[in-house]
Amino acid sequence: MTQFRKYGVQDLLEGYQRKEFKPSEVVAACLGAIEAGNPGSNSLLEIRPEAALARAKELEGRASDMAKLPLYGVPVALKDNILVKGWKTTAGSKILEHYVSPYTGTCAERLEAAGAIVLAKANCDEFAMGSSNENSAFGAVKNPWDLERVSGGSSGGSAASVAAGFVPGSLGTDTGGSIRQPASLCGVVGIKPTYGRVSRFGVIAFASSLDQVGPFGRSVWDAARMLEVISGYDAKDATSSRGVVPRFTEALSNSSVESLRNVTIGVAPEWMEGLDSEVKASYEASLSQLKALGAKVQEVKLPHAKYALSVYYLIAASEASSNLARYDGVHYGRRTPEAKGLEELYSKSRGEGFGREVKLRIMLGTYALSAGYYDAYYVKANQVRRLIQKDFEEAFAKCQCIAVPTAPSTAFRLGEKIEDPLTMYLSDIFTLPINLAGLPALSVPSGLDSKKLPVGLQLIGKHFDEAQILHIAAAYEKSRGPLPFAPWKGGTV
């Protein structure tokens, strides 16, 4: 059953239709891979073997309903800031180390209703704050392509679990690149949908105007199938869109080598600073490949993209300061046993429960929201955010999609940037503007560098036009051919 390690969502669904194997066999194979490899990867936190096998057996009794269940028998992992009733949900933080979810988030409910099997919760940077998955209170997630390197963050556990073959698909969250950047570093497909496309109900908040749930898969089709399942209006989320959700997998049916002849792809040369030479070479080769498929390439201007880093860290930190105020030792999470008064209860509970990066962002956000500084920092950042949004609106008058690298480099070594926050923050320089504008974007593998580490190509689309970027990505993926599977054999470091 080791062949299941390389199976994606589409492979499994086609195998089930041909009656080549059963969900219980697939789950058993996934659990075997996890047992052998997760101690070295540290990508998964809580695993429920008995519940997963029971769910698989239940689905086997409903084989006649397979056509009605778009994710029939597909094992998945969920980032550990997505609630599932009865499971621990830690958000990678000690302050929630023993928190058990009292209900299930909408995106997880929709996966299960579609026939998916929730197998595990994935490790993540604490409260989704990080670009390397080294900020988790439960240890760093290591990259299956090289266990001495980072997986990317903050959804590194979700990306690494797919790359390692523990599960064929997973969910993560993306606030400033936290799906696309680890997808790039781990050599898988990851998509951040338009803000409002997927419900955030039952997802622990970091920055509410930026957070969005999205899938990881081994192929563009895999990510498209998961996205069409979790998308759609939810009355429990006030920011949820009422727009009709397309059948994204149907949009891929014409993604042949001739299918990009009517597509114009935008490029923004002034945004390409700080690129690793091999990432730049891969990006230029990808553009050439898209041209060979018939696409036209049009230069566009994004003059305010260079301010996205500053804008993002003011807005995200401010919203985090507000959202995380509830973790005070009284309402939620860990309570220190040593406090002698209310003020000490607050300070010690938060001081002991939060990690360094979370404290840094809370302090920055509290400062930006304080009297005398609110207008100068938070209000000004939102004004520049609108300029960034306007830049994209003007750019999309000339093209259907914008192509940029996903990350400025391939996976860096563990500990390499942890003491230099600014250098770490620059890891998201090509993903941050998309969240500020609320646009959809995906990362698709574009090859390997000389160290045999994955490189990602990012495709950015118009609001609620995920179908277009999935179509372009699928045509590119088909032309490029499959990326080699991560060479890691599992086991411990």
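**Figure 1. Contacts and overall form of the chain in this predicted model.** Of the contacts in the chain with a separation of 6 or more, 75% are made by residues 24 or more positions apart. The secondary structure comes to 16 helices and 13 strands, and the C-alpha trace spans about 65 × 55 × 45 Å along its principal axes. A compact globule of 493 residues would have a radius of gyration near 23 Å, and the chain, with 21 Å, agrees with this. Buried residues make up 61% of the 493 residues, while the chain exposes about 18700 Å², of which carbon and sulfur atoms supply 52%.

**Figure 2. The surroundings of Ser154, a residue in the loop between strand S5 (146-150) and helix H5 (156-163).** Ser154 has a relative accessible area of 0% and is therefore buried. Leaving out residues up to four places away in sequence, Ser154 touches Lys79, Asn123, Cys124, Asp125, Ala128, Met129, Gly130, Asn133, Thr173 and Ser178.

**Figure 3. Ile34 and its contacts, seen from its place in helix H2.** With a relative accessibility of 5%, Ile34 counts as buried. When neighbours within four places in sequence are set aside, the residues in contact with Ile34 are Pro39, Leu44, Ile47, Leu119 and Phe166. One of these, Leu44, is ten residues from Ile34 along the chain, and the C-alpha atoms of Ile34 and Leu44 are separated by 8.3 Å.

**Figure 4. The ring pair of Tyr7 and Phe21, taken from a count of 16 aromatic pairs.** The ring centres of Tyr7 and Phe21 lie 5.9 Å apart and the planes stand at 50°, so the pair is tilted. This pair links distant parts of the chain, with Tyr7 in the segment before helix H1 (9-17) and Phe21 in the loop between H1 and helix H2 (23-41), 14 residues apart. Is Phe21 buried or exposed? Phe21 is buried, with a relative accessible area of 9%, and Tyr7 is partly exposed at 23%. Tyr7 and Phe21 belong, together with Tyr16 and Tyr72, to one aromatic cluster.

**Figure 5. The ring pair of Tyr7 and Phe21 is followed here by that of Phe127 and Tyr327, in which the planes are at 55°.** The centres of the rings of Phe127 and Tyr327 are 5.0 Å apart, and the pair is tilted. Phe127 lies in the loop between strand S3 (117-122) and strand S4 (142-143), and Tyr327 lies in the loop between helix H10 (308-323) and helix H11 (342-353), so the pair ties together parts that are 200 residues apart in sequence. Phe127 is buried, with a relative accessible area of 2%, and Tyr327 is buried as well, with a value of 5%.

**Figure 6. Charged side chains over aromatic rings, beginning with Arg242 and Tyr233.** The charged end of Arg242 sits over the ring of Tyr233, at 4.1 Å from the centre of that ring. In another view, Lys417 lies over the face of Phe412, and the distance to the ring centre is 4.2 Å.

**Figure 7. A network of salt bridges that links Arg55, Glu58, Arg62 and Asp65.** Side chains of opposite charge can pair when their charged atoms come close. The count for the model comes to 22 salt bridges, and within the network the side chains of Arg62 and Glu58 meet in a salt bridge with an N to O distance of 3.6 Å. Arg62 counts as partly exposed at 29% relative accessibility, and Glu58 is also partly exposed, with a relative accessible area of 40%.

**Figure 8. The salt bridge between the side chains of Lys121 and Asp80, at 3.0 Å from N to O.** Lys121 is in strand S3 and Asp80 is in the loop between strand S2 (75-79) and helix H4 (106-113), so that the pair, 41 residues apart, links distant parts of the chain. How does the accessibility of Lys121 class this residue, as buried or exposed? At 0% relative accessibility Lys121 counts as buried, and Asp80 is buried too, with a relative accessible area of 2%.

**Figure 9. The salt bridge between the side chains of Glu148 and Arg413, at 2.9 Å from N to O.** Because Glu148 lies in strand S5 and Arg413 in the loop between strand S11 (401-405) and helix H14 (421-425), the pair ties together parts that are 265 residues apart in sequence. Arg413 is partly exposed, with a relative accessible area of 36%.

Terms used:
Residues are numbered from 1 along each chain as its sequence is written. This is a predicted model: local features need pLDDT of at least 70, side-chain atom pairs count only at pLDDT 80 or more; totals for chains, interfaces and linings use all residues. Side-chain values use heavy atoms; hydrogens and water are left out. Helices (H or I, at least four residues) and strands (E, at least two) are DSSP runs, numbered from the N terminus. Buried means under 20% relative accessible area, exposed over 50%, partly exposed in between (1.4 Å probe, protein chains only). Contact means heavy atoms within 4.5 Å. Rings of Phe, Tyr and Trp (its six-membered ring) pair if their centres lie within 6.5 Å; planes under 30 degrees apart count as stacked, over 60 as edge-to-face and the rest as tilted. A charge sits over a ring if NZ of Lys or CZ of Arg is within 6 Å of the ring centre and within 35 degrees of the ring normal. The radius of gyration is taken over C-alpha atoms; the globule rule is 2.2 Å times the number of residues to the power 0.38. Accessible areas come from the Shrake-Rupley method with a 1.4 Å probe; for residues, only the protein chains shown count as cover. A salt bridge is a side-chain nitrogen of Lys or Arg within 4 Å of a carboxyl oxygen of Asp or Glu.
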